[in-house]
Amino acid sequence: MEEVSASLPECALTALSMKRAVVIPTYWTWKRDEKRKGGLIFDHPTPLGDAGTLERCLESLNNLGGEFSLVLIAVPTHSELQDVLQTKIVELLNRLDLHYTVIPVFPSTINKIHGTLGGREIEEILNLDGYSQVRNACILIPAILGFNTFILLDDDEVVLDKEFLERAVACLGETYQGMKVVAKAGVYLQPHGTPFFKGREVWWRFFFNSRKAMNEAFRIIESGERFVDAPFAFGGNMVVTRDVIEHGICFDPNIARGEDIDFLVNVKSEGYSFVLDTDLRILHLPPKSFNPDWLKIRQDARRFLYMRCKLEQFRCMKAKRVVTVSELKPYPGSFLDWTLKPRMFLTNILLFLNYLSKLKICDAKEALV
């Protein structure tokens with residue numbers, strides 16, 4: 001691979017002859033001995049002093065059949081890390097023997113786009129301040145570069161299927177249940193090799209057992225059908241066409257978690273089809289998340305409350321297609337009905353008691369906020 005610089009190469013400033021882009025955001029934070037308060041919240045950003053998962057992911061793409069370019073989006077949790085992260089990513093790309101073109105995107109790149117396109121709206125939608133904004137960068141930047149199909153992955157994944165790219169574009173642009181397919185999602189295989197979550201559930205999640213609901217939803221993967229209308233989507237195994245951009249559909253910047261399922265709802269509400277491709281599979285190998293349980297519960301509560309209000313708003317505004325809660329069951333629909341608030345309240349009480357039993361007083365207080 002040719003040496004990579006810290007800015008977009010000239011060939012990337014105009015429409016490229018290659019129309020298919022793999023897009024990967026990679027999240028980084030302070031070194032382990034440099035813990036700082038504040039900053040952006042992501043599930044498991046890589047400490048700058050660690051090897052992380054990115055190299056493994058990039059090398060797995062060498063085995064892909066077919067031509068593509070990689071758009072790699074570097075996301076720091078703190079603005080002070082922008083320069084050192086940019087240097088690290090450039091050095092990593094120059095060290096690896098990758099058999100495809102890499103277009104690195106940094107916060108400075110986003111700033112240049114803001115300066116070129118201008119307008120407050122583009123700045124609110126396209127930035128790196130949260131999952132939804134990063135996902136918007138994953139579809140807007142390749143669109144600006146002239147790509148037609150955007151294959152979204154994450155840096156904690158490994159692509160095992162040589163024919164992954166060909167599977168990724170299957171069904172796009174076709175009609176499914178009377179509507180045009182403009183986006184689709186694939187399947188996450190967990191480290192044990194199946195899509196289903198394993199392990200014992202914690203007792204304090206009795207009223208909010210999201211993993212159980214997700215496993216119930218995942219049963220559709222074993223339906224025997226390749227393309228299905230599923231209530232869920234994975235942002236780290238998603239394919240989006242340029243049609244989405246041209247019709248003004250994006251990830252909602254007001255939602256901090258669950259942006260992938262929210263995006264599915266946005267696409268469907270505009271009268272298009274969003275399918276799950278049960279043959280499009282990647283291996284998901286996430287590192288441990290160090291975010292506290294009270295924060296995850298709080299973010300889920302806000303996410304589901306926001307989505308419930310959004311569905312009601314779509315109904316009142318007479319959207320092109322009204323997506324109902326029942327369509328989104330068992331996940332996330334099970335958490336979008338009237339029982340949400342009491343279930344969240346009871347869950348926080350149980351989590352509070354769990355923290356107290358372990359003498360984690362500060363966390364216990366946070367559980368009741």
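**Reading strand β3 and residue D300**

Colleague: Which residue stands opposite V22 in β3?
Modeller: In this predicted model, V22 has L70 of β3 facing it.

Colleague: What makes strand β1 and β3 a pair?
Modeller: Two strands pair if there are at least two bridges between them. Strand β1 (residues 20-29) and β3 run parallel and are joined by eight bridges, so they count as paired.

Colleague: And how do you know that β3 pairs with strand β4?
Modeller: By the cut-off of at least two bridges. Five bridges link β3 to strand β4 (residues 101-105), in the parallel sense, so this is a pair too. As one example, L72 has P104 in β4 as its bridge partner. Helix α2 (residues 82-95) belongs with these two strands: β3, α2 and β4 form a right-handed β-α-β unit.

Colleague: Why is β3 called mostly covered?
Modeller: A residue is buried under 20% relative accessible area. In β3 (residues 69-76), eight of the eight residues are buried, so the strand earns that description.

Colleague: Which residues of β3 point one way, and which the other?
Modeller: S69, V71, I73 and V75 point one way, while L70, L72, A74 and P76 point the other, and all are buried. In a regular strand, side chains alternate between the two faces of the sheet.

Colleague: Let's turn to D300. Why is D300 called buried?
Modeller: Its relative accessible area is 8%, and the cut-off for buried is under 20%, so D300 is buried. D300 sits in helix α10 (residues 293-316).

Colleague: What does D300 touch, leaving out residues up to four places away in sequence?
Modeller: With those left out, D300 touches F208 and R257.

Note on methods
Residues are numbered from 1 along each chain as its sequence is written. This is a predicted model: local features need pLDDT of at least 70, side-chain atom pairs count only at pLDDT 80 or more; totals for chains, interfaces and linings use all residues. Side-chain values use heavy atoms; hydrogens and water are left out. Buried means under 20% relative accessible area, exposed over 50%, partly exposed in between (1.4 Å probe, protein chains only). Helices (H or I, at least four residues) and strands (E, at least two) are DSSP runs, numbered from the N terminus. A crossover is right-handed if, with the strands pointing away from the viewer, the path from the first strand over the helix to the second runs clockwise. Contact means heavy atoms within 4.5 Å.
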